[in-house]
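Me: I am new to this structure and should be grateful for a close look at a single part of it. Please take one residue as the starting point and then describe the surroundings.

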Amino acid sequence: MSALIKIADGADRLVRIVGEIVAWSGLVMVLLIAFNVIARYFFSYGLVALQELEWHLMAVGALFGICYALNRREEVRVDVLYARFPPRVQRAIDILGSLLLGLIALKIAWLSIGFVTRSYALGEGSADPGGLPARYVLKAAIPAAFALLAVQAFARVVHDTATLAARRTDPTGH
């Protein structure tokens, strides 16, 4: 089990690093929006590509932000009943939920690969004149983010299972 925990710890570190890097895209997006607004209203200047880049950054931030939120245990939870369950039942629910999330994320990652390869094969770009030329780069974030989400979910399964097993062997229950 310790080898699995080391792998899960490595996965946690990877997701944390990716999340912290992608978090900077939020600052870049704010600066880009500020530039676009100032350029448009004060200088009557604007580029479609820069406007598209705004939503590309937003999409990447949202996709990878899901993984990072799960890594930091800051996901949205609806715990109307969950809070009333004993810790062992809560941990079992967490394991089942993470396992299902990981499997679904893997399925989405797998299914979206065809979506990206078709876009790449077509050389898909923006439909707007002056827009960004390589739309497949943005689309590639979908399978990458969902694969990373699956990695994080399975890391949570390993950690939660280890915690549940440790509590089972600890006679004090702590």
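Reply: His56 is buried, with a relative accessible area of 9%, where buried means under 20% relative accessible area, exposed over 50% and partly exposed in between, for a 1.4 Å probe and protein chains only. This is a predicted model, in which local features need pLDDT of at least 70, side-chain atom pairs count only at pLDDT 80 or more, and totals for chains, interfaces and linings use all residues. Residues are numbered from 1 along each chain as its sequence is written, and side-chain values use heavy atoms, with hydrogens and water left out.

His56 belongs to helix H2, residues 48-71; helices are DSSP runs (H or I, at least four residues) numbered from the N terminus. Apart from neighbours within four places in sequence, His56 is in contact (heavy atoms within 4.5 Å) with Leu132, Arg135 and Leu138.

The largest nonpolar core, a set of buried Ala, Val, Leu, Ile, Met, Phe, Trp, Tyr and Cys residues joined through side-chain atoms within 4.5 Å, has 15 residues, and Leu63, Phe64, Cys67, Ala105, Phe146, Leu148 and Leu149 touch the most other members. Two or more residues of this core come from each of helix H1 (2-43), H2, H3 and helix H5 (141-169). H5 gives the most, with seven residues. In soluble globular proteins, nonpolar side chains tend to be buried together.

Phe64, one of the core residues named above, touches Val18, Val22, Ala141, Ala144, Ala145 and Leu148, when residues up to four places away in sequence are not counted.
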